[in-house]
Every structure is written in structure tokens, then in C-alpha cells.
Amino acid sequence: MSESLNADPIDRNRFPVDEWALRELRYSSHDLGVTETLFAVGNGYLGLRGNVEEGRDAYAHGTFINGFHEVWPIHHAEDAYGFATVGQTIVNAPDAKTMRLYVDDEPLLLSVAELERYERTLSFRDGVLTREIIWRTPAGKRVQLRSRRMVSFTERHLAVMDYEITMLDQAAPVTVSCEILNRQDGEDEFHVASLAMGTGWDPRRAANLAGRVLQPRSKWDGGGRAVLAYSVTASGMTLAVAADHSIETTDWYEERTQIEDDIAKHVFRFNATPGVTTRITKVVSYHTSRGVPTRELVDRCRRTLDRVKEVGTEAAFVAQRAWLDAFWERSDVEIGGQPELQQAVRWNLFQVIQSAARAEGAGIPAKGVTGSGYDGHYFWDTEIYVLPFLTYTSPQYARNALRFRYSMLDAARRRAAEVNQQGALFPWRTINGEEASAYYAAGTAQYHIDADVAHALSQYVAATGDVDFLAREAIDILVETARLWADLGFWRKFDGHSMFHIHGVTGPDEYTTVVNDNLFTNVMARANLRSAVRQLRDLQGRDTVAYDDALRRLSLTEEEIEEFSRVAEAMHIPYDEAFGIHPQDDAFLEKEVWDLAHTPSEMRPLLLHYHPLVIYRHQVLKQADVVLALYLQGDEFTPEQKRADFEYYDPLTTGDSTLSSVVQAIIAAEVGYGDLAVSYFKQAVYVDLGDLHHNADAGVHVASVGGVWSALVGGFGGMRDYLGRWSFDPRLPQDWEFLSFPVTLRGTRLRVRIEEGTICLAIETPDAGPVEVVVQGTPVTVSADAPTVLPLSPAIVLAGRPSVRNIEGSVREDGSVIRAIVPANPLADEATETIAEPTGGRSENPA
């Protein structure tokens, strides 16, 4: 059971409230890893961690390009057929951020410098990271420094940096060394290989790549431009990076250059006079490919830089602001009277778009382009937690992500064959489409990823009406994933009824693995099968030529389509009449309950202190499983079932995964636990900003930041989207003045504003037709003529939170009594087994 979070976890003296920016007023080297993540800039293709401009002071240097990776053989201690054989890991691309400053030949190192002023700002409106410093040098000279860093949304391959130096009171010789460093293979500003990746770099968090990763292919400089190009040793991917350098000053200056395989330097030396500002600008372009020769990539870099040179760098900053103005107009979520939460929400939404906007041809990594956590892999998180936000605010980006899944379909077909199944099985974690998970129990066994992809695809098509994409490509995904489910399960008769079962799978909860009839998997598989049949029939009625082409392309028959339908309608959905809940799987209720309330805090998270087998033997969840099904397929459950399921599973959920809080918030709000919903929401919105899981240094938790939108719109806004039917049943927290957000439905932007007792719906798209929605069960037609304002009926309000004390003592069907225990760990001094005495049957209201 996650701890409640009500207080603001951010140090507001250091990070003051600013609803449109994250500002830092005091430098600290104690949490560099976290701030490098929080102040990262990116566009979904290219990402620059928030490392300081001067280079050396760093926890983990990072320049990441989505999908740019190396491969390596996975060595299993005990191998078996079908295990993943080739690992993939994101490569740290050559670092062009460094602009080292020397005054009187003394380097600026923030960790030891005397700073009279320090302010760093990441603007959500401008998409620019700025920093202002006044440094008193060891000689007592005061230097004012201003810098900007931007990764462009409008130019996918572009980053722009500038650095302004002003001597405030005394003249001094100044040097600025602009560098490109191949840190991946050990190049450091001072040629110290062990520090190339930063003082906090931990090889245990990344793949163990033996030998050189980036092989030099070309290098040159001239006319202020430097170029380095490489190929990746085993994957064969190629990269070119080019940088233009310029200086604006009235002081005397000179330039020097140096180019080697792993370093390019452009050094400016000038005699700085007091009051004169010198600006040095660095414009950088990265291009990558799965195998195009580097000379072609160099030409692409040239073209990118030439365009910027023609219009000037300020035009790039103006274009960035215009792009973000349009993004916020269609995406911003406003919370009235909550400036701290408003800032946090906008930081989260900004991180989503930094991770996804220009991914184009790649997936959305679990850490975006802010860190090397999870090796830069793509997971099912994208479809369930990130794509809803993109689908309803920036549908083109959702389409790009789904088309990337389509590009992986052939690899998914091969993977299904490897595990003896028909159809397609998407990898649990991957970069290049091949399964990269070395632990099958919590990896490959998560077959639900097929249904997750199908769910996101169906949601996108319903929200956008993009039937062209459906007919040409997406229908193939629906059919091949449906084939897998029809082949994976089996028929069995019970009480004269034939039921379809799915055995040997793992649901979203990784603390319960390889089970039979996982509730989430079965419910989502049923939806997948139904969607395939529904979309095929719609295609048949709309475009017989496209339908016949799909049948031919997929070797699909009418008999197979009918089988999909039979399997879906006969899918076994576990339900326990005695407990009045849906068991997570067919053996879940046979286990003893883990008493999280009495588990010492130093033994959390469980996976770091208990062997997986110990965890697997208990009723305990890493993250929402049944509760996630209640949200995604909510129309398949009654309100009473939702409340009973939530009250049972909430006290068993550890929150050890950052994926859990957003879902718990949504269902807590729906069933009536409003205060608990807000607490879960705050855990989600501050998971990185407050470093609540103590691992933000590895990068942003992209699924969680994406889920924040769902918690706001789906949880407190009460929006649901079942089969193209959009409904609202809001749950506005008591201390929020209002909640306002736009959603785009079939190309029409609808503004939703919720205040106490009312909901206002207004069409913002010029010349748009009416939109049909449902508000608290009543159909409503919203026209463009005037906003529609409706009263809201009060929602149920439940106090407190569910407790394990209402589960223990419950009697199973075989007469045994459920106990709540904390398993003993002999290696932990304070962890001893405790067995709670039964307290009677489960209460109707655990609150």
C-alpha cells in the first residue's frame, strides 16, 4: 500500500512556484542526477540531459537519440529454447553540449565556484533551458554568464546553444572551448576516461558493452564547422554530428580548432573588457540511420545547419515558441487555485511531448530521451499510459507511434512462431523489434502487450476516424493479435457451458507471474478479439475492395473471423461469488495476504529485499492489474464490482512501480475515495519532481508523466471512451476551484470546464459540427453556437481508504481463513514474520 502524499515534496526555497517554468535558485552538486533529468530538453528524437554547460560537474552525461543503439549477446546462465538472445541498449551519442569557460585561465567549476547569483529555468512556453550566473573568480573578478539551450521541435535534427560572457568590473583574458566529445568510448574534457560518463554513472544500470562502441568513420572542420561521424560496432547504425560556431563581440578575439577521432574543439580566445557582452553560439545537428553511409548523414547535417545559417538562430527560438503555443492551446490542463499542482502538471505534460513529438519512425522510450534507464527500450507503457494523451491532443504523434508498432509486425510474427503460436506477439521490451527481455516470467509472459497495442489502436481510430490507416495497416495488427489469442487459449466445458481459458501468462502486476486466467489479460484479449471482428465488419461494409485485400493479404477466412467472435464471447472472466470480487487469476485468492501496513519501510521496495519466489507466493501487487482493467474496460463492470475490486486490491498494492498511482487515482475517484484519489494523483505528478522513487537520476518516468493526463481527464474529469462513445462523470476535488481541459474528437476540439456542481462544454474549432457526448448518463449535443452548461449531481463520497484488515479473516470456498502476514527475512535485522489475528468477515465498507 503506497504511502499517502499530501505535502508538497519540493523545496520551494530552491525551486519556487512558477506555473509556466521549473526554476532553480541554488546550485547543488548533491542531487545532480535528479536535476539533470528535470532540466533535460528534447523533442522525441534528440535529447540533451540537463548537464551544466561547462561539462565536468555531472552525475551522468547524456546525449540520446531515440532508437540509436548497440546490440550484444544475452548470456543466460541456463539457456532454453525461445529465450531472448540479442540485447539492445541505447548508445550515448557524442556530446555537443560542452562549452568550457576559462577566465584568467581558471576554469569555471560550479561545484567549487563562488556564485553571487544562480538561476536556471526550463520554460514550458518557450521550450528553452536558460541559466544566469554571476561568478566571482578566485582573483575576485565578477563575471556575468547567461546561456540558452534548445532542442528544436520544428527542426527534428537541430539543437541550439549560446553562451554570453560579460566582465562586470575588471578586464580579463577569456577562453571558451566548444567541444564535441565521444563520451561513450571514454573521451572526457580532461582526457580522464573514467569520468567521461559522469561521477554517478553506474555500469550496472546499463548493458555491459565490451570494447569500442562507436567506430570513427570521418572527421573534418573548417569555416567554423566541425563534423564527426561514426558507425556502431555491432548494430551497424550510423551517426553524424556537425556543429557551427560563431562569436559576436567588439573585443579582440581569435579562434583555434582541433579535430580528432573522438573530440572536436572550437576554441575562442578574447580579451574581455568590462561591460562588453560576448556571445558565442553553437548550432548542432545530429542525423542517424540504420545503415546509410556516414557521408550521406554528413550531407544531411550540412543542410540542416545551412538552413539555420540562412535565417539566423533567433528564428529558431521564435519558431519554437510558436510551436509550443499551438501545443498548449490543444493540450493544457488547468487546475484552479492550485499553483503548485499547476506547475507540476505542466512539467509532466511538457515531458510527454519532449519524449514523443518527433519520435517519427521510432517508439517512445520508457525514459524518453532524458536518460539511459531501461536501456532506451520501448514497453507496453506507451500504448496504455502515453498514447491516450497524444490521441486526444496531438493525434498525429499517436499515429506515428502506432505506425512504428506496425513496422514491427513481421518481427512480432517471428516471435509468435518462436513460442509456438500463430499470429503475432509483440516484444515486452525492445528497440529494434526483437524481444530483449532476458527474464521471461516477468517479460515475454506478458502477452497482454498484444491487447494493449490493439486497445490503443482502437482508441485512436475511434477518436480520430482515421479509417485509411485502419484499412491499409492497422487492421493487420488487430487480426494478427486476435490470432494469437485464439491460438493461445483453449476450450473447456463447465456446468454444460464451453468457456475459453488462457493459461501461463503474466499480467501487468510483476509480483505475480505465469498464472492461469489472469483477469486483465482475459478482459483485454476479449476486447482485442471483438475489436478485430468489429473493424473487419465495418471495413467490409465501407470498402469491399480494401476488405477483400485484407483477407488476401492476411490469408484470413470468414470461418476464422467467426472463430474470433466465438472465442471473445466465451472468454472466461474470473469472478468469486463468496468474496464478491474478480480474482486477479485463478489461484490468487489461495495465497496468504502480504501485510504491507506492517512491512518495515526499509524492506521496500519488496523486489530489492525478497526473492521473487517469496513475493510470488503472496497476495501482493507491484502495480495495478485488476484495477487497470476496471479503467480500460470499465463498461464491462458494474459500479458495485468496481468498488468491491478496488477495496480489495488497493491495500495489496505496494506502489513499487510508478505505473500504479495514476490508475489507482482514477478508480479511487470513480468509486468515491476522493481524498485518496488526490493523494495518488500527487504521488504520480511528483514522482520525478520530488524523486519519490529515488531513481529520477536515470531519466523521466514517461509512462507516469503520460498517465498524469489520464488521472486528470479520466479521474477527476470523469471522461470515458468506450467504442467511440465519450462520456463525462466528473469528480472535482473539494479544494480545486475548477478543472479545464481540451480534447479533440474526430477533428473537433471540445473544451471541458468543471466547477463545483456544473460542467461547461464548448466547441473551440471554427465551423465545426455538433459533438455528441454523455454527461452522467444523459446524452448531450454540443453545438458550436454556444457553450453547453449542465448541472452535475453529487457523486458518492467515501472517507479514508481500504485496509487489509477488512480482507484478513475472510473465508475461502474451501473453509480456510485468509491471514495477513509479513514474510520473515533472516538477512534483515528488523524483518520478522508477523501473523495478524483474524478480525471477522470482510466489511461492506472497509473505509
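The side chain of Q342 reaches the backbone nitrogen of I335 at 2.7 Å, in what is a predicted model. Q342 itself has its place in helix 4, which covers residues 339-356, while its partner I335 also appears among the residues that Q342 contacts beyond its neighbours within four places in sequence, a set made up of E19, D332, V333, E334 and I335. With a relative accessible area of 2%, Q342 falls under the 20% limit and is therefore buried.

A comparable arrangement of side chain and backbone can be followed at N51, which lies in the loop between strand 3 (46-48) and strand 4 (63-73). Here a polar atom of the N51 side chain lies 3.2 Å from the backbone nitrogen of G62. Once neighbours within four places in sequence are set aside, N51 is in contact with E36, A58, A60, H61, G62, K97 and R149. Is N51 buried or exposed? Its relative accessibility is 1%, so N51 counts as buried.

Helix 3, residues 313-331, holds F317, and V318 lies in helix 3 as well, yet the two residues fall into opposite classes of accessibility. F317 has a relative accessible area of 9% and is therefore buried, whereas V318, at 57% relative accessibility, counts as exposed because the limit for that class is over 50%. In an α-helix there are 3.6 residues a turn, so residues three or four places apart point the same way. The surroundings of F317, leaving aside its neighbours within four places in sequence, include contacts with V128, R148, M150, V160 and D162. F317 also lies 9.9 Å from T154, C-alpha to C-alpha, although 163 residues separate them in sequence. For V318, the distance to A711 is 33 Å, again C-alpha to C-alpha, with their positions 393 residues apart in sequence.

Further along the chain, helix 9 (residues 467-488) is a helix with a change of direction, since it bends by about 60° at E473. Why can helix 9 be called largely enclosed by the rest of the structure? The reason is that 17 of its 22 residues are buried.

The model also contains enclosed spaces, and the count comes to 4 cavities of 30 Å³ or more. The largest cavity has a volume of about 170 Å³, and of the 15 residues that line it, P388, Q459, Y631, M719 and D721 are the closest to its centre. Several elements each give two or more residues to this lining, namely helix 5 (381-393), helix 8 (448-464), helix 14 (626-632), helix 18 (702-716) and strand 24 (719-722). By class, the lining of the largest cavity has 9 nonpolar, 4 polar and 2 charged residues.

Turning from cavities to pockets, the second largest pocket has a volume of about 710 Å³. It is lined by 31 residues, and those that lie nearest its centre are R731, L732, P733, Q734 and V797. Which element gives the most to the lining of the second largest pocket? That element is helix 17, with 5 residues; helix 17 (674-685) and strand 27 (748-755) each supply at least two residues of the lining. The lining of the second largest pocket comprises 17 nonpolar, 8 polar and 6 charged residues.

Some details of backbone geometry complete the picture. Most residues other than glycine have a negative phi, and most peptide bonds are trans. Against that background, the bond that joins R604 and P605 is a cis peptide bond, with omega about -5°, and P605 has its place in the loop between strand 22 (592-594) and helix 13 (612-616). S555, although not a glycine, has a positive phi of about 50°, and its place is in the loop between helix 11 (544-554) and helix 12 (558-569). With a relative accessible area of 58%, S555 is exposed. D767, likewise a residue other than glycine, has a positive phi near 60° and lies in the loop between strand 28 (758-763) and strand 29 (771-775), where its relative accessibility of 83% makes it count as exposed.

Definitions and conventions
Residues numbered from 1 in each chain as written. Predicted model: local features only at pLDDT ≥ 70, side-chain atom pairs only at ≥ 80, totals over all residues. Heavy atoms only, no water. Bend = angle between axes of the 7 residues up to and from the residue. Helix = DSSP H or I, 4+ residues; strand = E, 2+ residues; numbered from the N terminus. Buried < 20%, exposed > 50% of the residue type's maximum accessible area, 1.4 Å probe, protein only. Polar contact = N/O pair within 3.5 Å; in protein donor to acceptor, adjacent residues only side chain to side chain. Contact = heavy atoms within 4.5 Å. 1 Å grid on protein atoms, 1.4 Å probe; cavity = no way out; pocket = protein on both sides within 12 Å on 5 of 7 lines; lining within 4 Å. Points joined across faces, edges and corners; volume = space filled by probe spheres on them. Nonpolar A, V, L, I, M, F, W, Y, C, P; charged D, E, K, R; others polar.
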